[in-house]
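Student: I am new to this structure and should be grateful for a close look at a single part of it. Please begin with the whole and then set that part beside the rest.

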Amino acid sequence: MSKIRELQSRHRENVSRVGRGPVELREEYVLPLRSLELAHIAREYLGAASFLASQPSTDWPGHHSLPWFQLIGQSLELSLKAFIAASRLPPPQHHDLIRLFEQAEQRGYVPPDEEHMLVHVVILDHWFHRHAATGTKYGSRYGNHGGGTVPDHNKLARFVESVIEQADSLARHALESTR
């Protein structure tokens with residue numbers, strides 16, 4: 001076994017031991033708490049994306065870079081998963097922003113009533129998940145994406161914040177109703 005595989009194996013054993021603590025959560029708490037955790041992480045990604053968006057850049061229109069696309073995409077993905085978990089459904093294990101939006105909407109998410117808001121989500125999905133024309137995945141991670149329209153940071157930030165706000169409200173209500 002290579003040195004790195006040996007270290008990985010020991011790490012897994014250690015993490016496995018720590019993860020099996022004496023505290024067991026009642027089932028009705030698991031998904032709402034997971035929702036709050038995902039929403040918190042989404043806020044962290046959104047903060048980092050907002051910081052990058054505020055920096056001057058000559059790289060391309062809109063002052064966005066591939067790290068910005070990754071950060072704002074991750075914040076939207078996690079916020080949608082937070083909403084899904086708050087609605088007491090395990091969050092899916094995929095990165096398709098359009099499917100996640102549809103799943104959240106089916107569970108009661110109401111998007112902001114702002115003109116062209118969803119267009120920016122579709123454009124972000126093009127960069128973050130799958131290229132609209134070629135089907136190439138994860139352009140914001142691996143580059144070689146071929147370009148396209150750049151979504152508006154402020155509109156996406158407001159969208160993410162609306163998802164988080166609704167997810168938080170739903171999760172807190174779920175937790176209060178289990179007392």
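Tutor: A residue is called buried when its relative accessible area is under 20%, exposed when it is over 50%, and partly exposed in between (1.4 Å probe, protein chains only). Among the 179 residues of the protein chain, 40% count as buried. The model is a predicted one, in which local features need pLDDT of at least 70 and side-chain atom pairs count at pLDDT 80 or more, while totals for chains, interfaces and linings use all residues. Numbering starts from 1 along each chain as its sequence is written, and side-chain values use heavy atoms, without hydrogens or water.

The chain has 7 helices and 0 strands (DSSP runs numbered from the N terminus: H or I of at least four residues for helices, E of at least two for strands). Read from the N terminus, the order of elements is α-α-α-α-α-α-α.

The part chosen for the close look is helix α3, which covers residues 66-86. The helix contains 21 residues, and the distance from its first C-alpha to its last is 30 Å. That reach is close to the expected 30 Å, a span defined as 1.5 Å times one less than the number of residues. Most of α3 is covered, with 19 of its 21 residues buried. After the helix comes Arg-88, which has a positive phi, near 70°.

Within α3, Gln-70 deserves attention. Its relative accessibility is 18%, and Gln-70 therefore counts as buried. The C-alpha atom of Gln-70 is separated by 5.4 Å from that of Ser-140, although the two residues stand 70 apart along the chain.

Further along α3 are Glu-77 and Lys-81, which are 4 residues apart, about one turn of the helix. Their side chains meet in a salt bridge, at 2.8 Å from N to O (a side-chain nitrogen of Lys or Arg within 4 Å of a carboxyl oxygen of Asp or Glu). Glu-77 has a relative accessibility of 2%, so it is classed as buried. Lys-81 is likewise buried, its relative accessible area being 8%.

The structure holds 4 salt bridges, and two others may be set beside this pair. In helix α1 (residues 3-19), Glu-6 and Arg-10 also lie 4 residues apart, about one turn of the helix. Their closest N and O atoms are 3.6 Å apart in the salt bridge. Here Glu-6 is partly exposed, with 32% relative accessible area, and Arg-10 is partly exposed as well, with 42%.

The other example is the salt bridge of Arg-43 with Asp-168, whose closest N and O atoms are 2.3 Å apart. This pair joins distant parts of the chain, since Arg-43 belongs to helix α2 (residues 27-53) and Asp-168 to helix α7 (residues 153-177), 125 residues apart. Arg-43 is partly exposed at 40% relative accessible area, whereas Asp-168 is buried at 10%.

To return to the chosen part, α3 combines a covering that leaves 19 of its 21 residues buried with a salt bridge between Glu-77 and Lys-81, and Gln-70 in the helix has its C-alpha 5.4 Å from that of Ser-140.
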